[in-house]
Amino acid sequence: MIDNPEYADDDEAYRVCNPCSHVGFELWQVKSGTIFDDILVTDDEDAYDALVTEWKAKSKAEIAAKEAAEAAAKAAAEAAAAAEEEDEDEEDEDDEDEHDEL
């Protein structure tokens with residue numbers, strides 16, 4: 001690390017507004033469908049702890065719902081593929097019957 005002779009520690013550097021009436025966020029969307037919610041600005045550790053507990057429960061429920069929806073979609077796709085394959089097999093059998101008659 002390079003020493004900065006002009007550096008001076010300033011305990012008030014991040015207390016530029018007191019009280020603050022507005023907060024701004026610059027959000028960069030990396031992936032389509034990204035959702036930002038549950039933003040908390042506080043200096044109350046109890047409020048933070050309560051929100052973290054609530055968020056973890058909500059996150060687990062959302063993950064479980066997503067996995068269930070994906071499993072249902074996969075099962076539906078597999079059922080549709082199996083039904084299509086069965087229809088093709090029946091058509092092949094009908095074709096074979098037609099050829100036997102000749």
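Which residues gather in a patch of negative charge on the surface? They are Asp 43, Asp 44, Glu 45, Asp 46 and Asp 49. Asp and Glu count as negative here, while Lys and Arg count as positive, and His and the chain ends are not counted. A patch is made of residues with over 30% relative accessible area and no salt bridge, with like charges joined within 9 Å and nonpolar side chains (Val, Leu, Ile, Met, Phe, Trp, Tyr) within 5 Å. The place of a charge is taken as CG of Asp or CD of Glu, and as NZ of Lys or CZ of Arg.

A quick word on what you're looking at: this is a predicted model, where local features need pLDDT of at least 70, side-chain atom pairs count only at pLDDT 80 or more, and totals for chains, interfaces and linings use all residues. Residues are numbered from 1 along each chain as its sequence is written, and side-chain values use heavy atoms, with hydrogens and water left out.

Now the overall picture. The protein has one helix and zero strands; helices (H or I, at least four residues) and strands (E, at least two) are DSSP runs, numbered from the N terminus. Of its 102 residues, just 1% count as buried. Buried means under 20% relative accessible area, exposed means over 50%, and partly exposed is in between (1.4 Å probe, protein chains only). The accessible surface comes to about 10,200 Å² by the Shrake-Rupley method with a 1.4 Å probe, and 51% of that surface belongs to carbon and sulfur atoms.

Here's how some individual residues fare:

| Residue | Relative accessibility | Class |
|---|---|---|
| Glu 45 | 63% | exposed |
| Lys 66 | 52% | exposed |
| Asn 4 | 49% | partly exposed |
| Glu 70 | 46% | partly exposed |
| Val 52 | 23% | partly exposed |

Glu 45, from the negative patch, is found in helix H1. Val 52 lies in helix H1 too, and its C-alpha atom is 9.9 Å from that of Leu 40, twelve residues away along the chain.

What about charge pairs? Side chains of opposite charge can pair when their charged atoms come close. A search of the whole structure finds one salt bridge, meaning a side-chain nitrogen of Lys or Arg within 4 Å of a carboxyl oxygen of Asp or Glu. The side chains of Glu 70 and Lys 66 make it, at 3.9 Å from N to O. Because these two residues sit four apart in helix H1, about one helical turn separates Glu 70 and Lys 66.

Before the helix, there's a nonpolar side to the story. Val 23, Phe 25, Leu 27, Phe 36, Ile 39 and Val 41 form a nonpolar surface patch, together offering about 600 Å² of accessible area. Phe 25 lies in the segment before helix H1 (45-101).
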